[in-house]
Structures are given as structure tokens and as C-alpha cells.
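Colleague: Could we sit down with this one for a moment? I would like to hear the reasoning behind the words used for it.

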Amino acid sequence: MPDANQAAVHGGAHVDIHNPNLQHHFNDMAQQQEASTLGMWVFLATEIMFFGGMFLCYILYRYWYHDGFVAGSHHLDLFWGALNTVILIVSSLTMAFAVRSAQLGNRRGLMVNLILTMGLGAAFLGIKAIEYSAKFRDKVIPGRHFEWHEVDPIGAQAFFSIYFAMTGMHALHMVVGLGIMSVILFMSWRGRFNETYYTPVEISGLYWHFVDIVWIFLFPLLYLLGRH
Amino acid sequence: MEHAHENAGHHTHGHIAPLSMYYAVFGALMVGTAITVAVAYVDLGFVNTAVALGIAVTKATLVILYFMHVRWASRLTWVVIVGSLFWLILMFVIAMTDYLSRGWMGVPGR
Amino acid sequence: MPSPHAPVTAPATNYLNATHGLASWLLTKDHKRIAILYLISITLFFGLGGLFAGIVRLELLTPQSDLLEPDTYNKMFTLHGVVMVFFFLIPSIPAVLGNWLMPVMIGAKDLAFPRINLISWYLYVIGGVLTLAAILGGGVDTGWTFYPPYSTVSPSHVILAGLGVFVAGFSSILTGLNFIVSVHRMRAPGLTWFRLPLFVWAHYATSLIMILGTPVIAITILLLALERGLGLGIFDPTRGGDPVLFQHLFWFYSHPAVYIMILPAMGVMSELVAAFSRKNVFGYSFVAFSSLGIAVLGFVVWGHHLFVSSQSAYMGLIFSILSMLVAIPSAVKVFNWTATLYKGSISWDAPMLYAIGFIGLFTIGGLTGLFLATMGLDIHVHDTYFVVAHFHYIMVGGAIFGYLGGLHYWWPKMTGKLYSEAWARVSAIVIFVGFNLTFFPQFIVGYLGMPRRYAMYPDEFQVLNVMSTAGATVLGVGYTLPLAYFIYSLVKGPAASANPWGAKGLEWTIPSPPPTENFLVTPIVTEPAYNYNPGREVEVA
């Protein structure tokens, strides 16, 4: 392309050229922000497929082992499951508030909401730990020591295998989320964000909401089978 | 210049929604959770699963549209979300079609 | 190689010598340097995978299991598969040529996320080290497919090798993510979608597979590891699991992964065929959309790997038909490249030899794929050497020919040095001959019924196996030649001009090797890709 090198582009770049948050390979802040947001959405697409593999296992084994799944689901503690659902929804609200505070340049609001979000996330993990230890006590951990005295032990073991795989992977994502939020909290404490630059807060929020959405599906699928 | 076209209409500052919207969505999510749990105790046969999934999808949609600001996002974001969900369902449907159509032939092992 | 045109500008500093020291390479965020890091590490793994292949072929020289114990043989073909698929073929063109060229071809200074690009290389290295640890610790013997239930009980290092593949998978995901965002958000002004080089289209399609398919194999291998390590019952039938579900999940990624390997090579082909016949690619938009078509169709054909499993015969029928549909976009590409050659001003430089070789070998590989897609015929040839020959025609005859062709084509741009054209042509021919001698007999021996993955075989298959091993030796020599003259060119090769081939494309408008920021001023694109004037000497930009 012969004349490709003839001219430089300056349109729109004047305003942002001195913004310290603009990386050198982007033309302007808008381009940088759009790239980061799109990148996070594409990453979340990969996460959908990642969890999707486990959901496929769930669908098949629930179809195969209906009785075992119902019996296994009865064994889960609905109270803790519902409480955790509420906790995650509240944490999504505080996360959304954190992003909103960042948009408004409200550093204090941002930090308070981030801390609330992290606290709720930690509470979720704590409750998950209580539930897991109850499962250990009841010996419903899949493997050689699995004990099941109700219907369909094979199906129940499949249920608990799926349960631990899915909730374990979800909890791992929560831990990663807490790590990300710590970094964001540190950055906001250092005053790195303002009205013109808050993309890291925004895309971390997307991740947090995604993990919340996974739980929105896990809760009814695992805890609410055949409660009637 | 398509690149510029994609940029057109974008607000660098993002969409700042009023607090009331967040509270409304939050309330809807809580109500949805309560209904899911309540319905689980009523025997509706296969409808139980349909209702539970329907509510979960609604809740997820609310989070995506309002908490994740997709309602105000670019068309490309929509394409990414819808495309990946479509792919996921494609995987489910094709794999489960295998399991559901086994035995139709009446030949053992097929 | 044609005599170099007068050098445009040969600035003293370029991306190779802008900064010095090991740290400046290992911590670089320059996509071009990361591509070089990938080039080196991928070449090492290619050597390792080739070594395993050589051992396998040596063992198969005789019908008895005399060089290796059958158990060792199982490990050898497994490691050959794991290393070649996950650590060479999948990253080869995207991570080396793609990484180097994608930002340049879209007129950008770098990929959208340079730091993530570097992280992806480190993930690749970590994955490689984990797999190497599994190899040194005694290897894996499940086959590269890690099928349960054997993989849940195999005494070899399944978890470690699987973890390596898992981590390397994230490297692939991040590369795909970076490409997709860059193509959407980083294109230079005037560079519309239909002015993009077909190399970019092919990589975009590849990236779609990377981001939609790779997570599925990641979770599949993770579940397998959890099953082995923690005793969950996901795929093990004794614990209520279904091994065929593993096959579904595995091939949901691994069949499209075949297109991760071949699509970038097809992108390279479009560049080579256009450049060396001095013509616009015939039916540009058809070739562009056929890449997307292959990527999409590739996701709905995975069941043809399960024809002899317990998969329902009705689903097999559907998969059989869908698999044959892939022939359409593939054929579109082959026909359009051929039509591009027609009345072109063809020059037979080394990259073009690879391109012509690719078209022929890919056609053979693709057509034999139709045999395998036919459910009834597949029952006969399933898990025979026919399958082995088929996918090596695609993987080696397609992907590696594309990789080598591309490497020869862009080597002067990447390094600023010219290699020996005569040696390059010799090596292209040696590789072509060696390849066919290795793999064509396998079609026959497979059709006659020799199963894959056994250390022993009946005596009557020996002649064909000896031919195959002889071919592998020729192929091995052919592969070492480029290694030799490429390294030699770095030391003694003459300097390359900005556009030694007289080719079109943004990458040929910048110096060889280019500066770190690629373009000193952002280019404005005003014309379609491959805007060649047939029959006229092409101006050098």
C-alpha cells in the first residue's frame, strides 16, 4: 500500500495525549477503554464455555440419575445455599455501586463499596467452607469413602461429584475475584482512578457479576431439586 | 472508515444510571430468589425445573443488562454475549441429542 | 530470491537491537520480540516431538516389538502427539507469525494487550515445563487424547501432562483474545474489514475457535485430573460417569483444534499465492468467509470421532453429513487459490514451493477426510493407519507446510536477513518427497487393516512400514536444512531490503527489521489488499 505511510492521524487524540493512563499503542482513551471492555467480554465468553462443560455433565447425569440427584439435592443445606445466594446478590449490588462511584469520581464511595463487596465475597466463601465440612462429616465426598444409605448410590455419587466440581470451581473464581478486588482497592487507595479513567474498576466488576450469575444458576440446579 | 463508525456514539464516560435503578434491579433479584425457593416446595412436575430455570435466566438477564451495563453497551458486546450463549446451547443440544436418540434403533450398543 | 531492491531506509535501530540484554527479551512487551520468543521455544518442542516420532518410526521398522517395550512405545506415540499438537501445531503459526504480523497487518503499534501477550508466552513455557516434567518423570501412555476410563487408572503421569496442556490452553485463549480485540479495535484508518489481508481473516476465525473451544478442553482435563486426584466420579463408569461424555467434551475442542492448526496455514497460503503470482486473490470475500465457515462448521462435526463408540447411530448420521459440509469452504479455498494462479505471473521461490505443496497435500488430506466422514467406511478404517495418514496430510502437509512457507516468506522481514534461496528450494523439495514417502504408504497399510498405536504388526505390512520409516528419515533431513540455513543467514546472510519479494501489504512498507513501534506514523489505507497489477513490475513502496 504505497501511500500508507504518508500521514499521521491526529483526530481526537489531542485531548487525551497527555493522559498518563494512555498506553503508547493506543490512539486515545476511548480506544483503550473499548479494547479493555471488549477484552473482558471475550474473556467472559471463554468463561461461559468453561463452566458450560460442567453444566453439560450436570445435564447428562441429572437425566441419567434422576433419583440420585434428587436424593443428593435433599442432602444439601437449603438455608446456607439461599443465604449465599442473597449474599452474592447484595455483593453484586455493592459492586455496581463501586463502579458507579468510580464513574462519578467518588473515591470514598468506591473504596467503601469495594470493601463491602470483598467482605460479602469472604462471607460467601466462609459459608461454603461450613457446607463443605458438613459434607466431609457426613461422608458424602465422592471416592473410596463415599457412604450413601438412600436410593441410587451411584447417582448420588455422580451428584456430589458434580456438586463439588461446580461449586469448587465457582469458589475458586470467587477467590480470584477477591484477589482482583484487592488490587483494585489498592489502586483506588493510591488515587489511580478518576472520572476519565476507571476502566479497571469497570471490567473487574464485569467479572464479579459473571461469577454471581454462575451462582444464580447453580443455586436452583443443585439445591432445589425435588424439594416438594 | 468502519473503525470510526464503530466508535461513533460512544460515551467515554459510560452510562451513569440513577441509584433507584440499581435498587429496583436488586429488589427484583431478591423477589426472584424468594419465588424460586417457594415454588420448589410445590409439586408441579417438570414445570418445577422450567420455572426455576426461567427465573434464573430472568435474574441473569437483569444482572447482565443493568449491573453490567449491557443495555447501553455497543452492538459488538451484544454479539459476544449472544454468540457465546448460542455456542453453549449448541454444545448442549448436539451432545444431548446423542444421548436422547440412543436405543432408537433397537440394536444393542447403538 | 530476487535481487534485493534498493533499500528504502535502513535505520540503525530496530526492534531487534533497540534494547539489549536477556531481561529486555524476557520482559518485552513488543509483539515482535514475543513472536521470536515463541519461535525459539516452539522450535525446541518441534525437535522434541520429532525425536519421539523418529523413535516410533524406528520401532515400526520391524514387525516385532524389538527396539522398545510395548509400554515404552505407548509413551512414545503419546508424547509425540501431546508435544506436537499442544506445544507445536496449535501455537505454531498464530503465536509466531500471527503474533509478529497481526499488528503490522492492521497498521497498529502492537496488539491490544501487550502484557497479556507476554503472559501468554510464559503460560506456554510453564505448560511446556509441566509436560516436560511428566516426560522426564516417566511419561504418559494414554495417547494424546487422554481417554478415560484408561486415563483414570493409567499408572503414568496423566495429571502432570494434563496440567501442562491445561496451562498451555490458557496461553492459546489469551492469544485468541488479543487477536480478536485487536482486529476489532486497533485497525488503522481506512483499513476496513474487506481490505484486511486474508491472513488476518484466517487468524480472526482461528481466534474464535481458540476462545470458544479451548475453555471446554480446559475444564474437561481439569475434571479428569479431579477424578484421578480426588476421586470424583465424572467420566469413570465404575463411579457412575460416562467415558463417552469425555469424548464429546474432548472433541468439542479437539476437532475445531484441527482448524486452529490449518486455518492460519490457509491464511499464509492466501498471502503466498497472491504475492508469488502477482495477482489479487480470486474471490477475496469467498476466501474470507470460508475461513469463518470452517471455524463455525468445525464446531458441529466432532461426533465423527465417536462413530465406533456408543454414540447413537442417528447422531452419527447427522455428524457424518455435517462433516462432509466442511468440504465446501475448504474446496472454496483450494479452487480460489488455483484460480489465483491462473494467468498469474508466477515465480517459483521457496515460499511458493511450499504453497504449491500445501495445495496438493491439503487436497489429498481433505479428500481422505471425506472417506472418514462416511460413517460406514469409517467403521472399517477407524483407528487404522489410514486415519494417521489422513491427519498427517493435514497437519504436516497443511499446517507445517504453511508454517515453513510463511517463515520463509517473512524471514527477511522478521530478521532483516536473506537466506540462501537455492538451499531453501532444495529443502522444500526434500521435505515434500520425504513427507509423501512417509505418509502415503500409511494410507495403504491402514486401508489393509493395520491398526494405529501398536508396537507390533503382521509381517506382510513390513515393506510399507520400511518405506514409511525411510521417508521419515528424509523428512528429518529436510527439517534440519532450514534450521541450518536460517541460523546461517542470521550470521552471514546479506541484509534484506524492505520489500525483497516486491509484495503488497503493510508489512512490506516498513523497514526490515522494523522499529519497535512498527509505524513511525500511523498508516492510512486507501486500497484493497493484494492490489497487484498483473504483468507489470510492482513498484516498491
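The talk below turns to chain C and its contacts.

Modeller: Happy to help; please keep in mind that this is a predicted model.

Colleague: What makes chain C as compact as a globular protein of that length?

Modeller: Chain C has 16 helices and zero strands. Its radius of gyration is 23 Å, and the globule rule gives 24 Å for 541 residues; the two values are close, so chain C counts as compact as a globular protein of that length. Along the principal axes, the C-alpha atoms of chain C fill a box of roughly 70 × 45 × 45 Å.

Colleague: And what share of chain C is buried, and what makes a residue count as such?

Modeller: A residue is buried if 20 or more other C-beta atoms lie within 10 Å of its own. By that cut-off, buried residues make up 61% of the 541 in chain C.

Colleague: How do you know that chain C touches chain A, and which elements take part?

Modeller: Residues are in contact if their C-beta atoms lie within 7 Å. The contact takes 46 residues from chain C and 40 residues from chain A. On the chain C side, α6 (158–185), α7 (198–230) and α8 (243–277) each give two or more residues, and α7(C) gives the most, with 10 residues. By class, this side has 29 nonpolar, nine polar and eight charged residues.

Colleague: What about the contact with chain B?

Modeller: There, chain C and chain B give 18 residues each. The largest share of the chain C side, three residues, comes from α10(C). That side has nine nonpolar, eight polar and one charged residues.

Terms used: Residues are numbered from 1 along each chain as its sequence is written. Chains are lettered from A and ligands numbered from 1 in the order in which they are written. This is a predicted model: local features need pLDDT of at least 70, side-chain atom pairs count only at pLDDT 80 or more; totals for chains, interfaces and linings use all residues. Two residues are in contact if their C-beta atoms, placed from the backbone, lie within 7 Å. Helices (H or I, at least four residues) and strands (E, at least two) are DSSP runs, numbered from the N terminus. Ala, Val, Leu, Ile, Met, Phe, Trp, Tyr, Cys and Pro count as nonpolar, Asp, Glu, Lys and Arg as charged, and the others, Gly among them, as polar. The radius of gyration is taken over C-alpha atoms; the globule rule is 2.2 Å times the number of residues to the power 0.38. A residue is buried if 20 or more other C-beta atoms lie within 10 Å of its own, exposed if 12 or fewer, and partly exposed in between; C-beta atoms are placed from the backbone.
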